[in-house]
Amino acid sequence: MIRFGDVKNMGKEGKTDDLMEKIVALCKRRGFIFQSSEIYGGINGFWDYGPLGVELKRNLKNIWWEDVVRKRDDIVGLDAAIIMNPKVWEASGHVGGFSDPRVDCKECNARYRLDELPTRVRVEAVIDEMTNGTMTVEEAVDALTGGNGDHFLRILKKAHKKRTNPSDVIEILFGKCPQCGGELTDARQFNLMLKTFIGAMEDSSSVAYLRPETAQGIFANYKNVLDTSRIRPPFGIAQIGKAFRNEINPRNFTFRSREFEQMEIEFFCHKDDADKWYEYWRDARYKWYIDLGLTSSRLRLRDHETDELAHYAKSCADIEYDFPFGISELEGVANRTDYDLKKHQEHSGKDMQFFDDQTKERYIPHVIEPSGGVDRAVLAFICEAYTEDEAPDDKGKMQKRILMKFHPRLAPIKVAVFPLVKKEGMPEVARKIYDDVLASGLTCFYDEKGAIGRRYRRQDEAGTPFCVTVDGQTFEDQTVTIRDRDSLKQDRIAVEKVVEYVRERIG
Ligand code: GAP
């Protein structure tokens, strides 16, 4: 059986189960993530962040920016344009080579990335498991197609009922469209860059591309930054921004989208120091996710095998997370050597060398690139936070509850403030506390509607770490209760200590 957390059985970005459905439903119900243009039926591969989602995402980006730019003296920031001179993409190799092999169904026109279709060995292994009874028919279809294979489902159900010879089943399925059973075309290369036109004419001279990565904006500005900042290798340039890829098959919620955000650092150093900096960034970036609450049992650091490396990379490691749909990449850390700067020097004719006035050496720096996806990280933190447990309701009866256990630094709302009842002067006192918390710079939510238990539950689902309640005792000794989202423990503290109490615990 394939279950969430069962690492060894998980296909790459394959299996999805109802945990993912629950997470997607919560994201919509509570305003974390909506389908883009939903009122018109949506658009595949594009997503919108609602009021809670945008705070979560912004917190993540701010923490990254604080940690890699503001708290360091060797990295500076950049915000380059999304559309650049198309020559940038020729130099970087994206015009010629940024493509995935694509296969189309001749009958229903469904389009697949070649690596999404199961290999013969995979089909054999799955049929074997189904025959042995270790996998149900539905699980077999999931394992082979990620759940999107009506034709496979029909064939496997029939084969299971009639006990068809496994080798005959393999012949029927292999190389056919999982959705309709139609013939597939041979693999063709499909460039992933999204094109547009600049200016009044729509012809080949006005073609431009939406950037498929933020990195090239950094390489194209490397000399500008070097010449204008008091910085010299080893140093980095960091950027957060949108990137666009015409993915053949966007899938797994926001994981593979056509519009997404990246957070990238290009770290420039002398080639003799490149191995040392590669190891430094690989370990630092892995630890960053753990410190923000991704447990190390679901997070892993995987060094690429030599045959997996891109032609320009000397070494590369993926930081991967065990999502409900499989183990997949959050961030890649690569030693890109001097490949990119050399290519831009060649194509632009501009000198990309750095002159070291101490050693008198002139050289093109080597580059270590930690390249993370903002949306993928947000999704991993959402999956990690999603928890179901039991908590007592207003009458002390245990009830199922859903809570989002975000690290307090990431939580969209840090504090919620409630009057116990909507009378006896409690709303006025609670409003005053709410105003004070907001004025301190912490995100805060005020709610006076409905039973107190239900108000707590709503905040649990939003991931709010602290709920403050004004009750009768507040008028006697100027104290309030403050409830911890995870432990449900309630402390009684002085009204004027609320902000200090929360700040101490946010970390
Ligand atoms: N500059 C290097 C680069 O762009 P990449 O592995 O293609 O490398 C880096 O992308 C990160 O961007 C990935 O680790 C992932 O987090 C994110 N990413 C890439 N494609 C994505 C997509 N279609 N949807 C969401 N995030 C994506």
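**Notebook: hairpin, sheet, helices and cysteines**

I began with the hairpin of strand 17 and strand 18, which has five residues between the strands and in which G396 takes a positive phi near 85°. Strand 17 covers residues 386-392 and strand 18 covers residues 398-404; I found them antiparallel and joined by seven bridges. Y386 has M404 as its bridge partner in strand 18. For the terms, two strands pair if DSSP finds at least two bridges between them. Helices (H or I, at least four residues) and strands (E, at least two) are DSSP runs, numbered from the N terminus.

I note that this is a predicted model, in which local features need pLDDT of at least 70 and side-chain atom pairs count only at pLDDT 80 or more, while totals for chains, interfaces and linings use all residues. Residues are numbered from 1 along each chain as its sequence is written, and side-chain values use heavy atoms, with hydrogens and water left out.

**Sheet**

I next traced the open sheet, in which seven strands follow the order 3-9-10-16-13-12-11 with mixed pairing. Its edges are strand 3 (75-77) and strand 11 (299-303), each of which pairs on one side only. From one strand to the next, the twist averages 25°. At the strand 3 edge, I looked up the pairing with strand 9 (residues 235-244): the two run parallel and are joined by three bridges. There, G77 has A238 of strand 9 as its bridge partner.

**Helices on the sheet**

I then asked which strands helix 2 lies across. Helix 2 (residues 51-70) lies across strand 3, strand 9 and strand 10 (259-269), and runs at about 160° to strand 9. Helix 10 (residues 274-291) lies across six elements by name: strand 3, strand 10, strand 11, strand 12 (315-323), strand 13 (326-337) and strand 16 (366-373). The angle of helix 10 to strand 13 is about 155°. Contact here means heavy atoms within 4.5 Å. Axes are lines fitted to C-alpha atoms, for helices over the stretch in contact, and angles run from 0 to 180 degrees between N-to-C directions.

**Helix 9 and its loop**

I examined helix 9 (residues 215-228) against helix 11 (residues 339-348); their axes come within 10 Å and cross at roughly 65°. In the interface, Q216, F219 and Y222 of helix 9 meet D340, L341 and H344 of helix 11. In the loop between helix 9 and strand 9 I located P234. The peptide bond from P233 to P234 is cis, with omega near 0°.

**Cysteines**

I counted zero disulfides, taking a disulfide as a pair of cysteine sulfur atoms within 2.5 Å. For C105, the nearest cysteine sulfur is that of C180, 3.5 Å away. C105 is buried, at a relative accessible area of 2%. For C444, the nearest cysteine sulfur is that of C467, 9.8 Å away. C444 also counts as buried, at 12% relative accessibility. Buried means under 20% relative accessible area, exposed over 50%, and partly exposed in between (1.4 Å probe, protein chains only).

**Positive phi outside glycine**

I recorded R163, not a glycine, with a positive phi of about 50°. R163 sits in the loop between helix 7 (150-162) and helix 8 (166-173), and is exposed at 73% relative accessible area. Q478, likewise not a glycine, has a positive phi of about 55°. I placed Q478 in the loop between helix 15 (472-477) and strand 22 (479-484); at 47% relative accessibility, Q478 is partly exposed.
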